Amino acid sequence: MEIFAGLAEFETAAGRELGPTDWVEITQDRVDMFADATDDHQWIHTDPPRAADGPFGGTIAHGLLTLSLLPRFMEEQYRIEDVTTAINYGFNTIRFIAPVPVGARVRGRSRIADVAAVGEAVQATMVTTIEIDGVEKPAAVIESIVRYQA
């Protein structure tokens, strides 16, 4: 975990590599709960017998489930002291490169691509790669924007 002593120190962090995080197992229960929360019950995610004969040989995580792990990964990678507000401002790009099979483990590795003052806030562009244990291609590469206020 990288700890920055306030926004002024964080503003100098462009280019810094963060992570990797701990591994997170993608269980069928997690996938099913995500399907219930989003009403996305497509069989490739929620029907193991049918998915066994499908294109991935089993059920896979929703791409958006993989994306939803981003806050968890960022929390493990860094903290900025004396910040009162952190806001997910948006995304420049999100690419789902490889499917995440149920039972696989994923983790995050990030790079602080850019940090800039925006009024009284500081805005960071983060490039996060979500890796799959034992798989060469990443699950996803995400360019996200986060705003911080002291």
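Colleague: Let me start with one residue. Where is Phe-96 found?

Modeller: Phe-96 is found in strand β5, which covers residues 85-96. Keep in mind that this is a predicted model.

Colleague: How do I read its accessibility? Is Phe-96 buried, partly exposed or exposed?

Modeller: The idea is to put its relative accessible area against two cut-offs: under 20% is buried, over 50% is exposed, and anything in between is partly exposed. Phe-96 comes out at 43%, so it counts as partly exposed.

Colleague: And which residues is Phe-96 in contact with, leaving aside neighbours within four places in sequence?

Modeller: Phe-96 is in contact with Gly-63, Leu-64 and Leu-67, and also with Ala-139 and Ala-140. You can also look at a C-alpha separation: Phe-96 and Ile-130 are 34 residues apart along the chain, and their C-alpha atoms are separated by 9.4 Å.

Colleague: Let me try another one. Where does Val-122 sit, and how does Val-122 count by relative accessibility?

Modeller: Val-122 is in strand β7. Its relative accessibility is 3%, so Val-122 counts as buried, given that buried means under 20%.

Colleague: What is Val-122 in contact with, leaving aside its neighbours within four places in sequence?

Modeller: Here you get Leu-7, Phe-10 and Glu-11, then Val-115, Ala-116 and Ala-117, and finally Val-146, Arg-147 and Tyr-148. For a C-alpha separation, take Val-122 and Pro-55: these residues are 67 apart along the chain, and their C-alpha atoms are separated by 44 Å.

Colleague: One last single residue: in which helix is Gln-28 found, and what does Gln-28 touch?

Modeller: Gln-28 belongs to helix α2, residues 28-38. Not counting residues up to four places away in sequence, Gln-28 touches His-45, Thr-46, Pro-48, Thr-59 and Val-102. With a relative accessible area of 18%, Gln-28 is buried.

Colleague: Now the charged side chains. Why can they pair?

Modeller: Side chains of opposite charge can pair when their charged atoms come close. In this structure there are six salt bridges.

Colleague: Take Arg-16 and Glu-2. How far apart are their closest N and O atoms?

Modeller: They are 2.7 Å apart, and Arg-16 and Glu-2 form a salt bridge. Arg-16 lies in the loop between α1 (7-10) and β2 (17-18), while Glu-2 is in strand β1 (residues 2-4), so the pair ties together parts that are 14 residues apart in sequence. Both ends are partly exposed: Arg-16 has a relative accessible area of 30%, and Glu-2 has 26%.

Colleague: And Arg-72 with Glu-76: in which helix do both lie?

Modeller: Both lie in helix α6 (residues 70-77), four residues apart, which is about one turn of the helix. Their side chains meet in a salt bridge at 3.6 Å, N to O. Arg-72 is partly exposed at 39% relative accessibility, and Glu-76 is partly exposed at 25%.

Colleague: What about Arg-107 and Glu-131: how far is it from N to O in their salt bridge?

Modeller: The side chains of Arg-107 and Glu-131 meet at 2.7 Å, N to O. This pair links distant parts of the chain: Arg-107 is in strand β6 (residues 105-118) and Glu-131 in strand β7 (residues 121-132), 24 residues apart. Arg-107 is buried, with a relative accessible area of 19%, and Glu-131 is buried, also with 19%. Arg-109 joins in as well, since Arg-107, Arg-109 and Glu-131 are linked in a network of salt bridges.

Colleague: Let's step back to the whole chain. How many helices and strands does the chain have?

Modeller: The chain has six helices and eight strands. From the N terminus on, the elements run β-α-β-β-α-α-α-α-α-β-β-β-β-β. Of the 150 residues, 39% count as buried. The C-alpha atoms fill a box of roughly 55 × 30 × 20 Å along the principal axes.

Colleague: For contacts between residues at least 6 apart in sequence, what share join residues at least 24 apart?

Modeller: In this chain, 70% do.

Colleague: Which residues does UniProt list for the "domain: MaoC-like" feature?

Modeller: The UniProt record, an unreviewed entry, lists residues 10-122. Over residues 10-122 the chain is 31% helix and 31% strand, and the end C-alpha atoms are 9 Å apart.

Notes: Residues are numbered from 1 along each chain as its sequence is written. This is a predicted model: local features need pLDDT of at least 70, side-chain atom pairs count only at pLDDT 80 or more; totals for chains, interfaces and linings use all residues. Side-chain values use heavy atoms; hydrogens and water are left out. A salt bridge is a side-chain nitrogen of Lys or Arg within 4 Å of a carboxyl oxygen of Asp or Glu. Helices (H or I, at least four residues) and strands (E, at least two) are DSSP runs, numbered from the N terminus. Buried means under 20% relative accessible area, exposed over 50%, partly exposed in between (1.4 Å probe, protein chains only). Contact means heavy atoms within 4.5 Å. UniProt positions are given in the numbering used here, feature names are shortened, and annotations may be inferred rather than shown by experiment.
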